[in-house]
Amino acid sequence: MAVSIEGKYTGLRARLVIENETISGHCDRVAALRAEFPHTIRCIGQPVDGTCVTYAFGLLDGTPRLVAELEGLGVKAGGAFVQWLMDEEHLVEIETARTNGLALYFDQGSWKHVGIMNDGDRVTSKWGTYGVFDHRLSEVPGDYGNQVRFFELPSTVVAACLLFRFACSRLALKPQEIDRLREITGMSE
């Protein structure tokens with residue numbers, strides 16, 4: 001079931017669309033918006049690598065070599081991957097938000113962002129290539145859309161296997177290339 005965040009924090013959400021900034025500068029600008037728009041957003045991490053997808057699915061913690069190798073082949077854990085997960089029904093949608101579940105944000109039916117649900121309406125998510133934030137469900141940049149749907153969070157191992165399957169479905173890999181990827185990432189058949 002989708003939850004609408006349309007009309008919530010509209011001014012703040014518009015101002016949260018920040019581009020061409022350093023990671024720390026982005027965190028500082030979000031914090032500075034508190035003077036203009038009361039909000040509860042906190043920058044809790046400033047990792048250099050990854051995006052909301054690699055963060056939410058734990059891919060850089062669990063299988064950074066797989067992510068790096070696949071990116072080198074032109075396959076990213078991004079929008080196409082998330083769409084494939086939904087199309088292939090690898091993500092299990094749930095009725096309501098659940099701690100340690102996923103919150104997927106959509107703009108007019110198109111996926112835009114993912115975060116991990118915490119207690120209540122709190123979410124932890126990496127905003128693009130910027131910082132990791134703790135925020136309310138509706139305290140996100142306006143370009144992330146106005147609809148939120150909830151899904152079970154697969155384990156990091158399952159997410160890595162799914163990313164591997166996604167890559168194999170997109171690339172014309174030779175058997176020896178598949179074996180090499182399996183070997184360097186420790187993934188078996």
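This is a stop-by-stop tour of the predicted model above, with a selection to make at each stop.

**Before you click**

Number residues from 1 along each chain as its sequence is written. Because this is a predicted model, local features need pLDDT of at least 70 and side-chain atom pairs count only at pLDDT 80 or more, while totals for chains, interfaces and linings use all residues, and side-chain values use heavy atoms, with hydrogens and water left out.

**Stop 1: the whole chain**

Show the chain as a cartoon. You should find eight helices and eight strands; these are DSSP runs, helices being H or I with at least four residues and strands E with at least two, numbered from the N terminus. The radius of gyration is 17 Å, close to the 16 Å that the globule rule gives for 189 residues, so the chain is as compact as a globular protein of that length. (That radius is taken over C-alpha atoms, and the rule is 2.2 Å times the number of residues to the power 0.38.) Turn the C-alpha trace along its principal axes and the spans are about 55 × 35 × 25 Å.

Now colour by accessibility. Of the 189 residues, 44% count as buried; buried means under 20% relative accessible area, exposed over 50%, and partly exposed in between, with a 1.4 Å probe and protein chains only. Switch on a surface and about 9,500 Å² is exposed, with carbon and sulfur atoms supplying 49% of it. (Areas here come from the Shrake-Rupley method with a 1.4 Å probe; for residues, only the protein chains shown count as cover.) As for contacts, meaning heavy atoms within 4.5 Å, residues 24 or more positions apart account for 67% of those with a separation of 6 or more.

**Stop 2: Asp134 and its arginines**

Select Asp134, in strand β7 (residues 132-136). Is this residue buried or exposed? Asp134 is buried, at a relative accessible area of 10%. Add Arg122, which is buried as well. The two form a salt bridge, with the closest N and O atoms 2.6 Å apart; the term covers a side-chain nitrogen of Lys or Arg within 4 Å of a carboxyl oxygen of Asp or Glu. The bridge links distant parts of the chain, since Arg122 sits in strand β6 (residues 122-126), 12 residues away from Asp134.

Bring in Arg42 too: Arg42, Arg122 and Asp134 are linked in a network of salt bridges. Leaving out neighbours within four places in sequence, the residues in contact with Asp134 include Thr40, Ile41, Ile44, Asn118 and Val123.

**Stop 3: two more salt bridges**

The whole structure holds seven salt bridges. Go to Glu93 and Arg149, whose side chains meet at 2.9 Å, N to O. Glu93 lies in strand β3 (residues 93-94) and Arg149 in strand β8 (residues 147-151), so the pair ties together parts that are 56 residues apart in sequence. Glu93 is partly exposed at 35% relative accessibility, and Arg149 is partly exposed at 25%.

Next, pick Arg29 and Glu21, a salt bridge with its closest N and O atoms 3.3 Å apart. Arg29 is partly exposed at 42%, as is Glu21 at 27%.

**Stop 4: helix α6 and the turn-off after it**

Select residues 79-87 for helix α6, and show Phe81, Val82, Trp84, Leu85 and Met86, its buried residues. What do they pack against? Their partners are α3 (52-56), β4 (102-107), β5 (110-117), β8 and α7.

Step on to Glu89, in the loop between α6 and β3. Most residues other than glycine have a negative phi. Glu89 has a positive one, near 55°, and is exposed at 67%. For another case, jump to Asn100 in the loop between β3 and β4: phi is about 65°, and the residue is exposed at 53%.

**Stop 5: helices α7 and α8**

Select residues 156-170. This is α7, 15 residues reaching 21 Å from first C-alpha to last, close to the 21 Å expected at 1.5 Å a residue (1.5 Å times one less than the number of residues). Its buried residues include Leu162, Leu163, Phe164 and Phe166.

Finish on Ile178 in helix α8 (residues 175-185). Ile178 is buried, at 18%. Not counting residues up to four places away in sequence, Ile178 touches Phe164, Cys168 and Leu173. Then draw a distance to Gly109: 34 Å, C-alpha to C-alpha, with the two positions 69 residues apart in sequence numbering.
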